[in-house]
Structure formats: C-alpha cells, structure tokens
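Student: Please take a close look with me at one part of this model. I would like to follow the charged side chains and what surrounds them, with the cut-offs spelled out as you go.

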Amino acid sequence: MRKLVFGLILALGVSFFPGTAQADTVSDEAAFVAKINDLRASKGLGPLQVNANLTAKARSWSAGMAAAGRIWHSTLSDGVTEDWRKLGENVGMGGSVDGLHTAFVNSLHHYENLVDPSFSHVGIGIVMNGRTIYVTEVFMQLMAPKTSPVTAPPATTTTTAPKSTTTTAAPKPAPKPQAAPKPQAAPKPAPKPALTAAKPAPTTTSTTTAPPVTVPPVEPAAEALAAAPADPPRAPSALLVSVLERLRTFDS
C-alpha cells in the first residue's frame, strides 16, 4: 500500500523581488541535506540518501513556485519513477537556508517528515527569485525488494550404472585354532603346622569382678582310707643303730 504525506506549506516573511527564477547552487541543496541528516543522527536515525529522481522532481516544482511567486504542494506521485511505498514533501520560501531549516524543525508536520524513520531517500530542489529561496524537499520510502521464489532444480537425474568388472577380495584364511591351554597343576596343600604345646590362655581382666566362691574340701571316704596300702617300714639308719648300741652299753 502506497502512502502520500504532505508537510504544511511554509512561507517566511520575505521581501519579494521580481525577476527571473534561477536555480541555486548545488551547495545550498547539499546544506539542507546535511542539516536534515544531522537532525536525524541526533535522534538515533539513519541518514537519508540523495536520490536523483527526487532531486529532479523537487527542482522542477520549486521552479514553478518561484515563477508564480507563491508556494503550494505538488501531486507527490507525479514524476517519481522509483518503486516507492511512501512519499512525503515539505515546501517553503524564505531568505536563507538556516532560517528555512529552523522553521521546518519548529513546525510539527514538517518536523515529522524530517525525522520519519521509514524514509530512506530525499531530493532537495532550490530555485531563487531575486533574494527569495523557494525550496522543495521530497522524501521517499522504497518498496521492499521482491524476492523471487526459489525453484527446485529439474527432477531429471543422471544415474550411472556400476561397471561390470568387479573386484572381489579373496576370503582371508580362517585363523589357525589355538592350542588349548595346558591344565595347570593343582596347588599343593599347605603343610600342616606342627603340633605345639598349647600356650596358656592369657589372663584377661575385666572391669567387673565376681565375688569369690569358697568350696569346702572334700574328706576322703573311710573305705578309701582303709583300702589305701600302709607305708612299708623303713630300715633304721646307721646313726640310729650306733646311738642305740651306746645306750645299751650304759645300761649294762
């Protein structure tokens, strides 16, 4: 959808001097472009590119206004050969580039064209009538580039038959059976430890001790005592015999 945007007609108080309308220098048109892009940069917007088609339209319209001695808007689509989506226009008359640009900035609808983020191109046309500047500013947003649908390549395919000669690798010889591992000798039983006298169990101590237990001695039975053999008589010693012999001598 295409859209046309018009700025208000801006006419500054100037003295009109009759004369033939003539194109101003390109430097004045470039000064307008620089001021517009400085304003856009201060707002974080991209600069406008100068478009030759828009510049030609703007110059032609400014020439008509200068010849008539008054300003009015053009039919925006007239003379624009670009594939545009949105167009805008500011027109004005005044005594200087700085004065006209300041007046555009201070006018709401002219200012909206200057900082419209959708615009990407501009064309400035200046024609003088005496000391009066007639200026036309044309703004444009281009249509998005058309993308051609991606078509799939033709369905024809080339298939090459495999060559009739084939190379078949000879089968690898079967691996030789490996000899079964020799059975390992059963491990010899460990020698039995030599019998040694049992060591006395170590004495253990405990944190608690049982009370002592008194066991009365068991008297041997009378029959056991009677059955026990008497001790055999002992022979008197030589010393005892000598003593007894002496005692007998004293008695006799």
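Tutor: What follows starts with the chain as a whole, then turns to the charged pairs and the elements that carry them.

A word on the ground rules: this is a predicted model, so local features need pLDDT of at least 70 and side-chain atom pairs count only at pLDDT 80 or more, while totals for chains, interfaces and linings use all residues. Residues are numbered from 1 along each chain as its sequence is written, and side-chain values use heavy atoms, with hydrogens and water left out.

The protein chain contains 6 helices and 6 strands; helices (H or I, at least four residues) and strands (E, at least two) are DSSP runs, numbered from the N terminus. Read from that end, the order of elements is β-β-α-β-α-β-α-α-β-β-α-α. Of the 252 residues, 27% are buried, where buried means under 20% relative accessible area, exposed over 50%, and partly exposed in between (1.4 Å probe, protein chains only). Of the contacts between residues at least 6 apart in sequence, 76% join residues at least 24 apart, a contact being heavy atoms within 4.5 Å.

Now to the charged pairs. A salt bridge here is a side-chain nitrogen of Lys or Arg within 4 Å of a carboxyl oxygen of Asp or Glu, and by this rule the count is 3. In general, side chains of opposite charge can pair when their charged atoms come close.

Let us begin with Glu29 and Arg59, whose closest N and O atoms are 2.6 Å apart in a salt bridge. Glu29 belongs to helix H1 and Arg59 to helix H2 (residues 52-68), so this pair ties together parts that are 30 residues apart in sequence. The two partners sit in unlike surroundings: Glu29 is buried at 6% relative accessibility, whereas Arg59 is partly exposed at 36%.

Further along helix H1 (residues 26-42) comes Lys35. Lys35 makes a salt bridge with Asp98, with 2.7 Å between the closest N and O atoms. Asp98 lies in helix H3 (residues 97-106) and Lys35 in helix H1, so the pair ties together parts 63 residues apart in sequence. Lys35 is partly exposed, with a relative accessible area of 27%, and Asp98 is partly exposed too, at 47%. Beyond its neighbours within four places in sequence, Lys35 contacts Val97, Asp98 and His101. The C-alpha atoms of Lys35 and His101 are 7.6 Å apart, although 66 residues separate the two along the chain.

Helix H1 also carries Arg40, and here the picture changes. Arg40 is buried yet has no salt bridge, and the nearest side chain of opposite charge, Asp116, is 6.3 Å away; for charge, Lys and Arg count as positive and Asp and Glu as negative, while His and the chain ends are not counted. Outside the residues up to four places away in sequence, Arg40 touches a list of residues including Leu45, Pro47, Leu114, Asp116 and Phe119.

What does Asp116 pair with? The side chains of Asp116 and Lys86 meet in a salt bridge at 2.6 Å, N to O. This pair links distant parts of the chain, with Asp116 in the loop between helix H4 (108-114) and S5 and Lys86 in strand S4, 30 residues apart. Asp116 and Lys86 are both buried.

Lys86 leads us into the strands. S4 is mostly covered, with 10 of its 11 residues buried. Strand S4 (residues 84-94) runs antiparallel to S6 and is joined to it by 10 bridges; two strands pair if DSSP finds at least two bridges between them. Along this pairing, Glu89 stands opposite Val138 and Met93 opposite Tyr134. Strand S6 (residues 132-142) is largely enclosed by the rest of the structure, because 10 of its 11 residues are buried. S6 also pairs with strand S5 (residues 121-129) in the antiparallel sense, over 9 bridges, and there Ile124 faces Glu137 of S6. The hairpin of S5 and S6 has 2 residues between the strands, and Gly130 in it takes a positive phi near 70 degrees.
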